[in-house]
Amino acid sequence: MSIHQILQEVFGYGAFRGPQQAIIEHVVAGGDALVLMPTGGGKSLCYQIPAIAREQAGQGITVVISPLIALMHDQVGALHEAGVSAEFLNSTLSFEAASQVERRLLRGDITLLYAAPERVTNPRFLAQLDSLHERGKLSLFAIDEAHCVSQWGHDFRPEYRALTVLHERYGSVPRIALTATADALTRADIVERLQLQDARLFLSSFDRPNISYTIVEKTQATQQLLRFISQEHMGDAGIVYCQSRKRVEDIASLLCDEGIAALPYHAGLDAKVRQANQDQFLRSEGIVMVATIAFGMGIDKPDVRFVAHLDMPKNIEGYYQETGRAGRDGQSAQAWMCYGLQDVVNQRRMIDESPAGEEFKAGLRGKLDALLGLAEATDCRRVRLLHYFGEASQPCGNCDNCLHPPAVWDGTDAARKLLSTIYRVQQMGGSYGAVHIMDILRGKSTDKVTQRGHETLSTFGIGSAFSEVQLRGVLRQLIAIGAVAVDAQAFNTLQLTDASRAVLKGEVTVQLRASVSSPAERKAKRSGATHASSIGKAPIALDVPAQTRYTALKAWRGEVAKEHNLPAYVIFHDATLVAIAERAPLSLDDLQGISGIGAKKLEAYGEEVLRVMVSV
Ligand code: ADP
Ligand code: ZN
C-alpha cells in the first residue's frame, strides 16, 4: 500500500497534516529524522505509517521507545482498533505475557513494538534485537518524547541516555526522534545525545491557534480557580497543575466539595491509585485532574477543554507542554494561569538552593526569566511564546492581552523609589523583606520602622502615592527582570543586583498593568468562542434529530469502550460521531469516507452504527 492508502484505509483520514507527508516519505525511504511538532500536531502517524509501509515491504519490525508505561496499553489498543499488529513490552506485563510477545517478536509477527527505555539496557532484549537485525528484520527505531534525553528538558529521564546503544549497535537502522519541546538548547542536546547530526530536521510551527492564553494576577488563588471553572468550564474535562502534593490533595477535595468532579494525581500516591485516577480521567467525561507535573506526558485525551496553572511552572517549555494538553481535537480550549510575587520568590529560591553548578543555575534562571517576562507581558502572549521558540508572528486576537488590552502605567519612577529604599536601609546596615520596604515607601510608622529609625530615611513616604498592589507589581517586575534579588538564606530579604543600576539610572523603563479585571468581567466581555460544556452536547451545533443520533452514538461508543477496556476516543473521536450524526447513514457505503473510519473500524463497527441509526 502507498502511504496515502495507509492513511486512508488504516486510519480513515483523507489528507496529511502539515509536514506529515514529507516526514513519512523521508523515513519510509530509510532516512533519519528529528521531528519537532507541537502536542496534537499528529506525531504518532509520522512513525506509525512508515512502520506499516516498511513492514509491508519486508523490512520487519519498528521499535517505539516511549517512557509512557502507563499509556502503552491504550496506545497499542488504539492500533489494534485500526487493525495494526502492535504489542508492548514493559514492567507491567507478567513473565508469561512478556515471553509470548518476545516469541512473536522473533517470529516477525509484530509491526510495532512499544518498549520502555530501560529495555535497551536489558541484554536479553538486545539479543533479540540482534537476532532480528541479523536477519534484516529490524526496520526502524522511533524515539518518542525525545526531549527526555536532555537535562534541559523538564522531564529528563536518565534511562534515555542509554539510547545511544541504538545507533552504536544498529547503525544501519533508521531512527526517527519526536518531541513537542523545541527550544534551541534542548534541541541541540537531543541531536548531540542521540547523535542525530545527519538526521533531517522537521520543524513545524508551534502555534496552537485554538488555545486561548490567559494569565491573571494571584489574589485568592483557589477562589479565582473556582470562579474560572464554574463560570467557564462546568462539566468539561480539564487539568489543574499545582506545585506540591499537599496542594494537589487540598485543591482536589475543594473542587469536589463545590460539585466539580475532580481527582488528585501526584508521585506520592500509590501507583495503583494513580493509574486508576488516570484511567478514570481518560475513560470518563468531564473529570478535572488536579496534579503535579508528574501527570500528563503522553496523555492523548483529545477533549481536554482547559489547563489551569495554580502555581507557576519553572520555564516556558514546561508551561507550553502542559498547556498544550488542552484542545488536541482542534476545538477551542483555554490555558489559564494565576501567578503572584510568591511564585517568583519560590522559583528563584528553588534554583538558588539546588546543588547544581553555577553555569547550570544560570541556564535555569534565564529560562525562568523568560517565563516571568511572559507573565508580566502587556502585549500578545502568543507572540511572546512563539518568539521564544524562534517563530515570528502577529498579535493573535485569542489571548487575554489581545482580547482585553490591559491599561499600562509607567512604573519606572516607583521602581527607582523602591530600589533607593533598599539601598538606603542597607546603608544603615540592614536587609529587609518586601513588607518592611513597602511600609517605609508608603510612609507607615510601624513599630519596626520606628525602632530602626527608618522614618528618618529620605525615602520614607515617597511612595505614598502608590497603592500597595501597585508597589507589589513593581517589585514583582523588578524581581522578574533580576533588578532585585530575594535572599532565601536570609529571611527573603531584598537585595540590589548589578541590574539595579540601570533602573536607578533610568536606563530601563518598567511597564506595568494598571489593573486586572475580574474573571466575571472577562466572561461578560468574552468574544465568540464557545465550546461543548455539558456532557452529551456535541462540539458543534446540531439540529434536533442529529443531536438525538449523536447522543445515541455516544452511549453506544461508551459501551464498546468499556468492553474493550479502552478510552472512548480510541473507538471514535467526538468529531467522527458528529460527522456520522450529521450524515445519518443508511448503508456501509454512506459511512465510508467519514474522517476517522478506516477499513478495520468500518468492518468492526459499521453494522452496529447503522443499527444505532435506525433505533433512534
Ligand atoms: P501528537 O502526538 O503530536 O500530540 P497525535 O499523534 O496524538 O499528536 O495526533 C493528535 C490527533 O490528531 C490524534 O487524535 C490523531 O488521530 C489526529 N490526526 C493526526 N494526523 C491526522 C490527519 N492527517 N488527519 C486527521 N487527523 C489526524
Ligand atoms: Zn494574543
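What spacing do the donors of the zinc ion (ligand 2) follow along the chain? In this predicted model, the donors follow the pattern C-x15-C-x2-C-x2-C. The residues concerned are C380, C396, C399 and C402, each of which coordinates the zinc ion (ligand 2) through its SG atom. The coordination distances run from 2.3 to 2.4 Å.

The geometry of this site was examined next. The angles subtended by the four donor atoms around the zinc ion (ligand 2) range from 102 to 119°, and the arrangement is therefore tetrahedral. For that assignment, all angles among four donors have to lie between 85 and 135 degrees. For reference, the ideal angle for four tetrahedral donors at a metal is 109.5 degrees. Two of the ligating cysteines can be placed with respect to the helices of the chain. C380 is found in the loop between α14 (358–376) and α15 (381–388), whereas C399 belongs to the loop between α15 and α16 (400–403); the pair therefore ties together parts that are 19 residues apart in sequence. C380 and C399 are both buried.

The second bound species considered is ligand 1. Its surroundings comprise 15 residues, and the closest of these are Y13, G40, S44, R328 and H573. By residue class, the shell around ligand 1 consists of seven polar, five nonpolar and three charged residues. Helix α3 (residues 43–56) supplies the largest share of this shell, with three residues.

Several side chains place N or O atoms opposite polar atoms of ligand 1. In the side chain of Y13, an N or O atom is 2.6 Å from an oxygen atom of ligand 1. The side chain of R17 likewise has an N or O atom 3.1 Å from an oxygen atom of the ligand. With Q20, a nitrogen atom of ligand 1 is involved, at 3.0 Å from an N or O atom of the side chain. On its own, ligand 1 has 560 Å² of accessible area, of which the protein covers 83%.

Attention then turned to individual loop residues. Two residues other than glycine, E145 and Q195, have positive phi values, near 50° for E145 and near 45° for Q195. E145 is located in the loop between β5 (138–143) and α7 (164–169). Its relative accessibility is 11%, so E145 counts as buried. Q195 is located in the loop between α8 (184–193) and β7 (200–203). Here the relative accessibility is 44%, and Q195 therefore counts as partly exposed.

A further loop residue, D303, lies between β11 (288–291) and β12 (304–309). D303 counts as buried because its relative accessibility is 17%, the cut-off for this class being under 20%. The side chain of D303 forms a polar contact of 3.2 Å with the side chain of K301.

S445 occupies the loop between α18 (434–441) and α19 (447–451). With a relative accessibility of 51%, S445 counts as exposed, a class that requires a value over 50%. The C-alpha atom of S445 is separated by 37 Å from that of S244, a residue 201 positions away along the chain.

Methods: Residues are numbered from 1 along each chain as its sequence is written. Chains are lettered from A and ligands numbered from 1 in the order in which they are written. This is a predicted model: local features need pLDDT of at least 70, side-chain atom pairs count only at pLDDT 80 or more; totals for chains, interfaces and linings use all residues. Side-chain values use heavy atoms; hydrogens and water are left out. A residue is near a molecule or strand if one of its heavy atoms lies within 4 Å of it. A polar contact is a pair of N or O atoms within 3.5 Å; within protein, one must be able to donate a hydrogen and the other to accept it, and residues adjacent in sequence count only if both atoms are side-chain atoms. Accessible areas come from the Shrake-Rupley method with a 1.4 Å probe; for residues, only the protein chains shown count as cover. Helices (H or I, at least four residues) and strands (E, at least two) are DSSP runs, numbered from the N terminus. Ala, Val, Leu, Ile, Met, Phe, Trp, Tyr, Cys and Pro count as nonpolar, Asp, Glu, Lys and Arg as charged, and the others, Gly among them, as polar. Donors are N, O and S atoms within 2.8 Å of the metal (3.2 Å for Na, K and Ca); water is not among the atoms, so sites may look incomplete. Four donors count as tetrahedral if all angles lie between 85 and 135 degrees; four count as square planar and six as octahedral if opposite donors are over 155 degrees apart and all others between 65 and 115; anything else is irregular. Buried means under 20% relative accessible area, exposed over 50%, partly exposed in between (1.4 Å probe, protein chains only).
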